[in-house]
Amino acid sequence: MALSWRHHTLIQALLCRGPLIEDQFRSIFAGVSGERLSSNRRLFNDYLLKINKELAFAQFELRACRNQYDGNVYYGMVNNVADEQSKLGTQYTVPQITFYKGIIEAIIQDATAQGSISNIDALNVRLESQAGPSQVPTAVKTFSFSQKEKTLEELVRDQWLCSTVDGNIGLGPRSFLDLRSWFHNNDIPTCEVCSEALVKAESCPNESCNVRIHKYCLSMKFSQRKVEKVCSSCKTPWPCEVNTLEAVKAEEDDHLNEPSQNNVPPLTRKRRMSSRATDPDQVGSSSSPISGGNEVVRRVTRKTSRLK
Ligand SMILES: [Zn+2]
Ligand SMILES: [Zn+2]
């Protein structure tokens with residue numbers, strides 16, 4: 001079952017220009033398939049399933065994930081080979097990759113889930129502790145401040161990191177796509193609405209409560225008429241601006257983005273927020289739009305935990 005030129009065009013677009021924001025990817029899909037995604041979700045899922053089935057042999061995976069800073073969905077090609085050298089590509093050196101890992105960990109370790117660190121904090125990330133206690137490569141020891149500055153620019157340019165609206169350094173779409181399984185396997189706290197890792201999140205107004213929810217998930221949750229606008233754990237009132245239009249759109253998007261795992265035709269089920277939240281395998285838009293790729297995912301996540 002070979003892939004057609006249509007599949008190849010989608011793959012090529014993601015490899016050359018990706019990660020792509022949902023609208024862009026949708027319009028490319030419309031171009032190659034002649035179908036609008038809104039009218040043919042099933043065909044879209046079939047395309048992704050077929051692509052992933054073929055790519056699994058090369059340990060590549062087409063994946064969708066939300067950018068947690070703005071809630072936008074991105075599609076990208078993920079390299080499931082475990083080591084960072086293959087992931088980040090040959091243009092990054094060992095100390096650069098060590099630096100990247102250090103920044104990611106500094107962002108993730110923040111218990112308040114700000115999702116970012118200042119430029120200065122990023123540049124001051126210590127590389128020695130990253131490399132492990134045994135031996136620190138000389139190239140890592142001698143990695144200079146200006147080399148760090150240059151690397152930071154490159155990582156932002158390549159979408160591994162991003163420059164947030166408040167001028168800090170956060171995770172880029174590529175990292176959200178790539179680290180998804182790693183988050184799950186390293187006890188990164190998750191969102192009670194979508195079960196995805198909390199990188200950038202809203203904190204419960206009650207300071208002694210540690211519930212955190214993605215901003216877009218909070219807005220979606222509270223846009224449901226029957227849901228009380230309080231923290232599910234401590235019941236503290238949780239003020240949240242719900243833009244009705246936005247909420248409706250979010251729900252539509254979410255519906256459209258339902259994963260096609262288990263080969264259940266997505267259009268036959270309208271899942272509710274509550275049932276989704278309890279089912280981590282069926283998480284909104286950010287679940288991999290695949291089935292049958294589980295083996296690859298499992299193998300990879302164990303190895304990538306080296307990042308920690
Ligand atoms: Zn969430
Ligand atoms: Zn609370």
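How many helices and strands are there in the protein chain? There are 14 helices and 8 strands. Keep in mind while reading that this is a predicted model. My points follow.

1. The overall picture. The chain runs to 308 residues, and 50% of them count as buried. Taking contacts between residues at least 6 apart in sequence, 59% join residues at least 24 apart. The points below go from the zinc sites to the helix packing and then to some backbone details.

2. The zinc ion (ligand 1). Here the protein donors are the SG atoms of Cys-191, Cys-194 and Cys-217 together with ND1 of His-214, at 2.1 to 2.4 Å from the ion. Along the chain these donors are spaced as C-x2-C-x19-H-x2-C. What about the geometry? The arrangement is tetrahedral because the angles subtended by the 4 donor atoms run from 94 to 118 degrees, and the tetrahedral label needs all angles to lie between 85 and 135 degrees. For reference, the ideal angle for four tetrahedral donors is 109.5 degrees. As for accessibility, Cys-191 and Cys-194 are both buried.

3. The zinc ion (ligand 2). This one has four cysteine SG donors, from Cys-204, Cys-209, Cys-231 and Cys-234, lying 2.3 Å from the ion. Their spacing reads C-x4-C-x21-C-x2-C. The site is tetrahedral, with angles of 100 to 114 degrees among the 4 donor atoms. Are Cys-231 and Cys-234 buried or partly exposed? Cys-231 has 0% relative accessibility, so it counts as buried. Cys-234 has a relative accessible area of 27%, which makes it partly exposed.

4. Around the zinc donors. Two residues are worth a click here. Glu-192 sits in the loop between α10 (180-185) and β7 (202-203), and with a relative accessible area of 30% it is partly exposed. Its C-alpha is 9.1 Å from that of Ser-232, although 40 residues separate the two along the chain. Lys-221 belongs to helix α11 (residues 215-222). Despite being a lysine, Lys-221 counts as buried, because its relative accessibility is 15% and the cut-off for buried is under 20%. The C-alpha atoms of Lys-221 and Val-193 are 7.5 Å apart, with their positions 28 residues apart in sequence.

5. α1 against α3. Two packed helices are described by the angle between their axes and the distance between the axes. For helix α1 (residues 5-17) and helix α3 (residues 41-55), the axes come within 10 Å and cross at roughly 80 degrees. The pair is therefore roughly perpendicular. On the α1 side, Arg-6, His-7, Leu-10 and Ile-11 make the contact, and on the α3 side Tyr-47, Lys-50, Ile-51 and Leu-55 do. By class, that contact has 5 nonpolar residues, 1 polar and 2 charged.

6. α5 against α8. Which residues bring helix α5 and helix α8 together? From α5 they are Gln-96, Phe-99, Tyr-100 and Ile-103, and from α8 Lys-148, Thr-151, Leu-152, Glu-154 and Leu-155. The class split for this contact is 5 nonpolar, 2 polar and 2 charged. Helix α5 covers residues 94-108 and helix α8 residues 145-157; their axes are 10 Å apart, at an angle of about 70 degrees. So α5 and α8 also come out roughly perpendicular to each other.

7. A cis peptide bond. Most residues other than glycine have a negative phi, and most peptide bonds are trans. One bond to look at in that light is the one joining Gly-18 and Pro-19: it is cis, with omega at about -5 degrees. Pro-19 is in the loop between α1 and β1 (20-21).

8. Positive phi values. Ala-113, which is not a glycine, has a positive phi near 55 degrees. It is placed in the loop between α5 and β4 (116-117). At 5% relative accessibility, Ala-113 counts as buried. Gln-159 is another non-glycine residue with a positive phi, in this case near 65 degrees. Its loop is the one between α8 and β5 (161-163). Gln-159 is partly exposed, because its relative accessible area is 23%.

Conventions. Residues numbered from 1 in each chain as written. Chains lettered and ligands numbered in written order. Predicted model: local features only at pLDDT ≥ 70, side-chain atom pairs only at ≥ 80, totals over all residues. Heavy atoms only, no water. Donors = N, O, S within 2.8 Å, 3.2 Å for Na, K, Ca; no water. Tetrahedral: all angles 85-135°; square planar, octahedral: opposite > 155°, others 65-115°. Buried < 20%, exposed > 50% of the residue type's maximum accessible area, 1.4 Å probe, protein only. Axes fitted to C-alpha atoms, helices over the stretch in contact; angles between N-to-C directions. Helix = DSSP H or I, 4+ residues; strand = E, 2+ residues; numbered from the N terminus. Parallel < 35°, antiparallel > 145°, perpendicular 65-115°, else oblique. Contact = heavy atoms within 4.5 Å. Nonpolar A, V, L, I, M, F, W, Y, C, P; charged D, E, K, R; others polar.
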